[in-house]
Amino acid sequence: MLPITLDTVRIFVHVLAATIWVGGQLTLAGLLPGLRTLGPDAPRTIARRFNRIAWPAYGVLLVTGVWNLFEVSFGDRGTDWQVTFFVKLVVVALSGLSAATHAMSASRAVLAIGGAVAGLSSLAALFLGVQLAFG
């Protein structure tokens, strides 16, 4: 059996947090039509419960992301890798900001736009993270 290392734990915790943050958003988007049939407050109630695990997961992503950065030799990486990393930082920030906007809004339009931008930017951050791991 392969040894369990601190690197393994670090990546595992980062990926676990991503499954909650990104996967939870996708799951909620899929459940939303059914939740609406349960009553007008059902989507809001479920979203608030999700936020109790999603935001801590986002925080773990940020902490483990910084930890990941300390474990790579940034200066030794090529320009393409560095540019991809900075693009990832932008979409991670966009993901958090748009999710926060979505969570705090009462406007249907802002809810829809914020949710869509949060979901798409979260997927983009996930993709770029995988790309960086193999780059």
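Two residues are in contact when heavy atoms of theirs lie within 4.5 Å. By that rule, 73% of the contacts in this chain with a separation of 6 or more join residues 24 or more positions apart. The model described here is a predicted one.

## The chain as a whole

The chain has four helices and zero strands. Along the sequence they follow the pattern α-α-α-α. Taken along the principal axes, the C-alpha atoms fill a box of roughly 55 × 35 × 20 Å. Of the 135 residues in the chain, 29% are buried.

## Helix lengths

The number of residues in a helix gives an expected span, which can be set beside the distance between its end C-alpha atoms. The table does this for three of the helices.

| Helix | Residues in helix | Expected span | End-to-end C-alpha distance |
|---|---|---|---|
| α1 | 31 residues | 45 Å | 44 Å |
| α3 | 26 residues | 38 Å | 38 Å |
| α4 | 27 residues | 39 Å | 39 Å |

For α1, residues 6-36, the expected span rests on 1.5 Å a residue, and the distance between the end C-alpha atoms agrees with it. The distance for α4 also agrees with its expected span. In α3, the reach from the first C-alpha to the last is close to the expected value.

## Helix α1

Helix α1 bends by about 40° at glycine 30. A proline, proline 33, follows within four residues of that glycine.

The buried residues of α1 are Arg10, His14, Ala17, Ala18, Trp21, Val22, Gly24, Gln25 and Leu35. They pack against α2 (42-70), α3 (79-104) and α4 (108-134).

Leucine 35 lies in this helix. Is leucine 35 buried or exposed? Its relative accessible area is 11%, and buried means under 20%, so leucine 35 is buried. Leaving aside neighbours within four places in sequence, leucine 35 is in contact with Ala42, Pro43 and Ile46. Leucine 35 and isoleucine 46 are 11 residues apart in sequence, and their C-alpha atoms are 8.4 Å apart in space.

## Helices α3 and α4

In α3, the buried residues are Trp81, Gln82, Thr84, Phe85, Lys88, Val91, Val92, Ser95, Gly96, Ser98 and Ala99. The elements that cover them include α1, α2 and α4.

In α4, Gly114, Ala118, Gly119, Ser121, Ser122, Ala125, Leu128 and Leu132 are buried. Their cover includes α1 and α3.

Valine 117 is found in helix α4. Its relative accessibility is 29%, which falls between the 20% limit for buried and the 50% limit for exposed, so valine 117 counts as partly exposed. Not counting residues up to four places away in sequence, valine 117 touches Leu94 and Ser98. Ser98 is one of the buried residues of α3. Valine 83 is 34 residues away from valine 117 along the chain, and the C-alpha atoms of the two are separated by 21 Å.

## Two pockets

Rolling a probe the size of a water molecule over the atoms shows where empty space is left.

The largest pocket has a volume of about 1,100 Å³. It is lined by 33 residues, and the closest to its centre are Leu32, Pro43, Ala47, His102 and Leu111. Pro43 is also one of the contacts of leucine 35. Which helix supplies the largest share of the lining of the largest pocket? That share, 10 residues, comes from α4. Each of α1, α2, α3 and α4 supplies at least two residues of this lining. By residue type, the lining divides into 21 nonpolar, eight polar and four charged.

The second largest pocket holds about 860 Å³ of space. How many residues line the second largest pocket? There are 30, and those nearest its centre are His14, Gly65, Asn68, Lys88 and Gly129. His14 is among the buried residues of α1, and Lys88 is among the buried residues of α3. For this pocket too, α1, α2, α3 and α4 each supply at least two residues of the lining. The lining of the second largest pocket divides into 20 nonpolar, six polar and four charged residues.

Terms used:
Residues numbered from 1 in each chain as written. Predicted model: local features only at pLDDT ≥ 70, side-chain atom pairs only at ≥ 80, totals over all residues. Heavy atoms only, no water. Expected span 1.5 Å × (residues − 1). Bend = angle between axes of the 7 residues up to and from the residue. Buried < 20%, exposed > 50% of the residue type's maximum accessible area, 1.4 Å probe, protein only. 1 Å grid on protein atoms, 1.4 Å probe; cavity = no way out; pocket = protein on both sides within 12 Å on 5 of 7 lines; lining within 4 Å. Points joined across faces, edges and corners; volume = space filled by probe spheres on them. Nonpolar A, V, L, I, M, F, W, Y, C, P; charged D, E, K, R; others polar.
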